[in-house]
Amino acid sequence: MGEAPEIQLQILAEDNKLDENAAERQTNGSMSQSTTIPRQRTYKWWLLMTVYTFFLLTGQSVATLLGRLYYDKGGNSKWLATLVQVAGFPILIPLYYLSSYKSSNHNTTTSNRTTNPPSVLVLSALYSGLGVVLAAACLLYSVGLLYLPVSTYSLICASQLAFNAFFSFFLNSQKFTPFIINSLVLLTISSALLIFQNDSSGSTQVSRGKYVIGFVCTVAASAGYGLMLSLTQLCFQKILRKETFKVVLDMIIYQSLAATLIILAGLFASGEWEGLGKEMEGFKLGKSSYVNVLVWIAVGWQVFSIGAVGLILEASSLFSNVISTLGLPVVPVFAMVFFHDPMSGVKVISMVLAIWGFVSYVYQHYLDDRKSETGKV
């Protein structure tokens, strides 16, 4: 009878340890679930993924093609073409308040378990730093689109996936598997092939030197965008420590605001704003078309942002970048139809290699997902 209390104490201690381990596993599971594909794969989840993918690909294709149209019909302001890529963020504000209302009702219990939010100073530095990277990448993209045919420009942008994987290795502990290495090699070769081709017969007739400048700027922009995605994921993991729809919208709106202010300063400092009136007067499609093209470029990039945000929320930032690469075959085909860009043999080989690299990357993501599902069983 004297041993009964000791046995009960041991049982209680073991139960407490089991409860602590279960709570710890639940906490770790909730933290990792924000960066992986959700467990519940109902028809609603697939519908959301389809809608977000459609938004991303449609916004990206429309904005890129209209950006080329702006240059072809008389636009020549690199800073204005850069500004419209980020200045459309106010249209996301209604969605921001809608998500704030829903998250306040849905996450009342889970929000109490989160750590203390970062200070205003930390958040300001975070959004400002990402805004600088975003502004630089958008400016480089504008220069590349000015000097390159839209089909060549789009294919070179495939390198952003390789840069994203490279930076994720150092910043996000991304593991290099044979399929990831295969994707990096194929995408690098795909972009490198295009430096040997100058499509002077297409919609963009530039010198060899400007073609090289456009190529270098586009590759640098892809590297900057890949770095920004990796830094964004790092901020979610180390600083924000959560990935709700409201937090993701905060990230997009505030970094876009910072990038807009930087680009506006560049627009006025460069003196290009003085020639915008003449540019509008000389636009080949008319003044109203000039305004409409710029407005729809801004809307297109925000539609792209909504799709990217949705995929980040439902899957991960890397998966969102992978899906954006799926638009590679779309833009060159439309460019061939609307801008009469030639589809040469080198460009076809580059496209095939880019698609091969994309499939290799997606297959690795599929293997990782299957492995994580097997581990949960």
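Reader: Where is Ala-158 found?
Author: In this predicted model, Ala-158 is found in the loop that runs between α6 and α7, the latter covering residues 159–171.

Reader: And is Ala-158 buried or exposed?
Author: Ala-158 has a relative accessible area of 1%, and because buried means under 20%, Ala-158 counts as buried.

Reader: What separates the C-alpha atoms of Ala-158 and Thr-325?
Author: The separation between those two C-alpha atoms is 6.1 Å, although Ala-158 and Thr-325 stand 167 residues apart along the chain.

Reader: Stepping back to the whole chain, how many helices and strands are there?
Author: The chain holds 15 helices and zero strands. Its length is 377 residues, of which 47% are buried.

Reader: What share of the contacts with a separation of 6 or more comes from residues 24 or more positions apart?
Author: That share is 84%.

Reader: What about the accessible surface of the chain?
Author: The accessible surface comes to about 19300 Å², and carbon and sulfur atoms account for 67% of that area.

Reader: Let's turn to the interior: how many cavities of 30 Å³ or more are there?
Author: The count comes to two. The largest cavity has a volume of about 670 Å³, and of the 34 residues lining it, Leu-134, Tyr-225, Met-228, Trp-301 and Phe-304 are the closest to its centre.

Reader: Which helices each supply at least two residues of that lining?
Author: For the largest cavity, the helices that each supply at least two lining residues are α2 (43–72), α5 (120–147), α6 (150–156), α9 (208–240), α10 (245–270), α12 (287–314) and α13 (317–325). The largest share of this lining, six residues, is from α12.

Reader: What is the lining of the largest cavity like by class?
Author: The lining of the largest cavity divides into 21 nonpolar and 13 polar residues, with no charged residues.

Reader: And how much space lies in the second largest cavity?
Author: About 130 Å³ lies in the second largest cavity, which is lined by 14 residues, with Gly-67, Ala-81, Gln-85, Leu-145 and Trp-301 the closest to its centre. Trp-301 is thus named in the central group of the largest cavity and in that of the second largest cavity.

Reader: Which helix gives the most to the lining of the second largest cavity?
Author: The helix that gives the most is α2, with five residues, while α2, α5 and α12 each supply at least two. By class, this lining has 10 nonpolar and four polar residues, and no charged ones.

Reader: Since α2 keeps coming up, how far does α2 reach from its first C-alpha to its last?
Author: With 30 residues, α2 reaches 43 Å between those two atoms, close to the expected 44 Å. After α2 comes Gly-74, which has a positive phi near 120 degrees.

Reader: What about α10, and which residue takes a positive phi just after α10?
Author: The 26 residues of α10 reach 37 Å from the first C-alpha to the last, close to the expected 38 Å, and just after α10 the residue with a positive phi, about 85 degrees, is Gly-271.

Reader: One last residue: why does Thr-82 count as buried?
Author: Thr-82 counts as buried because its relative accessibility is 0%. Thr-82 lies in helix α3, residues 78–83, and, leaving aside neighbours within four places in sequence, Thr-82 is in contact with Ala-135, Cys-138, Leu-139, Ser-142 and Ile-263.

Key. Residues numbered from 1 in each chain as written. Predicted model: local features only at pLDDT ≥ 70, side-chain atom pairs only at ≥ 80, totals over all residues. Heavy atoms only, no water. Helix = DSSP H or I, 4+ residues; strand = E, 2+ residues; numbered from the N terminus. Buried < 20%, exposed > 50% of the residue type's maximum accessible area, 1.4 Å probe, protein only. Contact = heavy atoms within 4.5 Å. Areas by Shrake-Rupley, 256 points an atom, 1.4 Å probe, with all protein chains shown as cover. 1 Å grid on protein atoms, 1.4 Å probe; cavity = no way out; pocket = protein on both sides within 12 Å on 5 of 7 lines; lining within 4 Å. Points joined across faces, edges and corners; volume = space filled by probe spheres on them. Nonpolar A, V, L, I, M, F, W, Y, C, P; charged D, E, K, R; others polar. Expected span 1.5 Å × (residues − 1).
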